[in-house]
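Here is a note for a colleague who is opening this entry without having seen it before. Please keep the sequence and the 3D view at hand while reading the numbered points.

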Amino acid sequence: RDLSSLSTLCYVWAPGGVPVGPVSRSPYRDNVQTVAVRSGDEARGRWVREERDLHADSLAPSDGRRAA
């Protein structure tokens, strides 16, 4: 079965300076959208709980840039 057309949302904790929120295209795959949920070191080394609206995130337009 060919799965190459399926889309994926990838949530990341980005390095400082990366803006939180915008959906970016993956540098590796065109069908992967990356969302920076947090940025920086404020809670480094601790578990944090996040809640996201997956439907809204899947419909959010990409900012057109590739995630680092």
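The points below go from the chain as a whole to one strand, and then to individual residues.

1. The model shown here is a predicted one, and the comments that follow should be read with that in mind. The protein chain holds one helix and four strands, and, taken from the N terminus on, these elements follow one another in the order β-β-β-α-β.

2. Some totals for the chain may help with orientation. Of the 68 residues of the protein chain, 22% count as buried, while the accessible surface comes to about 5,300 Å², with 53% of that surface belonging to carbon and sulfur atoms. Among the contacts in the protein chain with a separation of 6 or more, 63% are made by residues that stand 24 or more positions apart.

3. Which strand deserves a closer look here? I would choose strand β3, which spans residues 32–39. Six of the eight residues of this strand are buried, that is, they have under 20% relative accessible area, so strand β3 is largely enclosed by the rest of the structure.

4. Strand β3 has pairing partners that run in opposite senses, and these are best described one by one. Strand β1, made of residues 8–14, pairs with β3 in the parallel sense over seven bridges, and within this pairing Leu9 stands opposite Gln33 of β3. Strand β2, made of residues 23–25, pairs with β3 in the antiparallel sense over three bridges, and here Arg25 is the residue that stands opposite Gln33.

5. The connection between β2 and β3 can be followed directly in the view, since the two strands form a hairpin with six residues between them. Arg29 has its place in this loop between β2 and β3, and, at 43% relative accessibility, Arg29 counts as partly exposed. The C-alpha atoms of Arg29 and Ser7 are separated by 9.7 Å, although these residues are 22 residues apart along the chain.

6. Is Val35 buried or exposed? This residue, which lies in strand β3, has a relative accessibility of 1%, and because buried means under 20%, Val35 counts as buried. Leaving aside neighbours within four places in sequence, Val35 is in contact with Leu9, Cys10, Tyr11, Val12, Gly21, Pro22, Val23 and Arg52. One of these residues, Gly21, is 14 residues away from Val35 in sequence, yet the two lie 5.9 Å apart in space, C-alpha to C-alpha.

7. Ser39 is also placed in strand β3, and its side chain reaches the backbone oxygen of Pro15 at 3.0 Å. When residues up to four places away in sequence are not counted, Ser39 touches Trp13, Ala14, Pro15, Gly16, Gly17, Val18 and Val20. For Ser39 and Val18, which are 21 residues apart along the chain, the C-alpha atoms are separated by 6.2 Å.

8. A last point concerns aromatic rings. A search of the whole structure finds zero aromatic pairs, but the ring of Trp13 does have a charged residue over it, as Arg38 lies over the face of Trp13 at 5.4 Å from the ring centre.

Terms used: Residues are numbered from 1 along each chain as its sequence is written. This is a predicted model: local features need pLDDT of at least 70, side-chain atom pairs count only at pLDDT 80 or more; totals for chains, interfaces and linings use all residues. Side-chain values use heavy atoms; hydrogens and water are left out. Buried means under 20% relative accessible area, exposed over 50%, partly exposed in between (1.4 Å probe, protein chains only). Two strands pair if DSSP finds at least two bridges between them. A polar contact is a pair of N or O atoms within 3.5 Å; within protein, one must be able to donate a hydrogen and the other to accept it, and residues adjacent in sequence count only if both atoms are side-chain atoms. Contact means heavy atoms within 4.5 Å. Rings of Phe, Tyr and Trp (its six-membered ring) pair if their centres lie within 6.5 Å; planes under 30 degrees apart count as stacked, over 60 as edge-to-face and the rest as tilted. A charge sits over a ring if NZ of Lys or CZ of Arg is within 6 Å of the ring centre and within 35 degrees of the ring normal. Accessible areas come from the Shrake-Rupley method with a 1.4 Å probe; for residues, only the protein chains shown count as cover.
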